[in-house]
Amino acid sequence: MGSWSGTRRMRDRIGAACIAVACLLMPLGILATWAAFGLADTGRYVRTMTPLAADPAVREAVADAVGDEVVRELQTRTAGDAAVGPFVRDAIESFTRTDAFRTAWEAGNRALHDAVLDALRDDAPSAGPVTVDLAPVTAQVKRRLEADHMPYAHRIPVEHTDIPVVPAEEVAGLRQGYRLLDAAAVWLPLTAVVLAATGVAAAASRRRVL
């Protein structure tokens with residue numbers, strides 16, 4: 001009788017331990033799942049970044065970056081005509097206040113998110129940084145400048161310009177972290193469920209253990 005009672009207590013302890021560990025793992029699994037799916041949700045990322053298109057500091061930074069590149073290309077193709085600089089800057093600053101800029105901003109962020117996800121999910125060793133092509137944004141800027149009849153706007157080259165957004169030396173570490181998070185999102189909830197079921201099945205007094 002004593003041996004049977006001891007066995008029952010041992011089974012209850014094992015069951016309680018399994019359920020306790022399951023209760024600890026489940027919140028971690030839910031958090032990992034939320035993070036993994038949140039990181040992979042391009043639509044959510046774009047929706048989060050879209051309001052920044054109305055931020056004056058962001059518009060100014062974009063105007064500076066795109067304007068400097070356009071002016072440099074135009075001056076190369078127009079024998080160093082410095083007069084185009086003010087026209088370009090004014091036109092681009094005006095462009096950043098339009099719906100077309102917000103569309104370009106969303107498209108650029110979507111392309112950026114897709115590029116980063118492709119790099120994180122790629123099994124091949126990284127040969128360089130993660131890049132995003134700014135040609136679609138440049139094309140919209142060119143069309144806007146041509147519509148404003150800016151001199152030399154038709155000479156702006158629309159080429160595939162790969163801009164690095166994640167350095168090559170950081171890709172491997174980010175990829176490893178993403179895969180670890182992705183695995184945790186699958187295995188932590190599954191392990192928690194298995195442990196909970198095992199704990200209930202192993203317990204002699206299931207109601208007490210629960």
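**Questions on a predicted model**

Author: The protein chain has an accessible surface of about 12,800 Å², and 62% of that surface belongs to carbon and sulfur atoms. The model is predicted.

Reader: What makes a residue count as buried, and what percentage of the 210 residues is buried?

Author: Buried means under 20% relative accessible area. Of the 210 residues in the protein chain, 31% are buried.

Reader: Which elements make up the protein chain?

Author: The chain holds 8 helices and 2 strands. Read from the N terminus, the order is α-α-α-α-α-β-α-β-α-α.

Reader: How do you know what share of the contacts links residues 24 or more positions apart?

Author: A contact means heavy atoms within 4.5 Å. Take the contacts with a separation of 6 or more: residues 24 or more positions apart account for 80% of them.

Reader: Why is the space beside V116 and L174 called a cavity?

Author: A cavity is a set of points where a 1.4 Å probe fits but cannot get out, so the name says that the probe is shut in. The count comes to 1 cavity of 30 Å³ or more. The largest cavity has a volume of about 30 Å³. Its lining is V116, A119, L120, V130, V166, V171 and L174. Two elements, α5 and α7 (168-202), each give two or more residues to that lining. The largest share, 3 residues, comes from α5.

Reader: What makes the residues of that lining nonpolar, polar or charged?

Author: Ala, Val and Leu are among the residue types that count as nonpolar. The lining of the largest cavity divides into 7 nonpolar, no polar and no charged residues.

Reader: Why is the second largest pocket called a pocket?

Author: A pocket is an open set of points with protein on both sides within 12 Å along at least five of seven lines, so the name rests on being open. The second largest pocket holds about 320 Å³ of space. Its lining has 13 residues, and G38, L39, Y45, H113 and L117 lie nearest its centre. The elements giving two or more residues to this lining are α1 (2-40), α2 (42-49) and α5 (99-121). The largest share, 5 residues, is from α5. By class, the lining has 9 nonpolar, 2 polar and 2 charged residues.

Reader: What does UniProt place at residues 184-204?

Author: The unreviewed UniProt entry places the feature "transmembrane region" there. In the model, residues 184-204 are 90% helix and 0% strand. The end C-alpha atoms of this stretch are 31 Å apart.

Conventions:
Residues numbered from 1 in each chain as written. Predicted model: local features only at pLDDT ≥ 70, side-chain atom pairs only at ≥ 80, totals over all residues. Heavy atoms only, no water. UniProt positions renumbered as here; feature names shortened; annotations may be inferred. Helix = DSSP H or I, 4+ residues; strand = E, 2+ residues; numbered from the N terminus. Buried < 20%, exposed > 50% of the residue type's maximum accessible area, 1.4 Å probe, protein only. Areas by Shrake-Rupley, 256 points an atom, 1.4 Å probe, with all protein chains shown as cover. 1 Å grid on protein atoms, 1.4 Å probe; cavity = no way out; pocket = protein on both sides within 12 Å on 5 of 7 lines; lining within 4 Å. Points joined across faces, edges and corners; volume = space filled by probe spheres on them.
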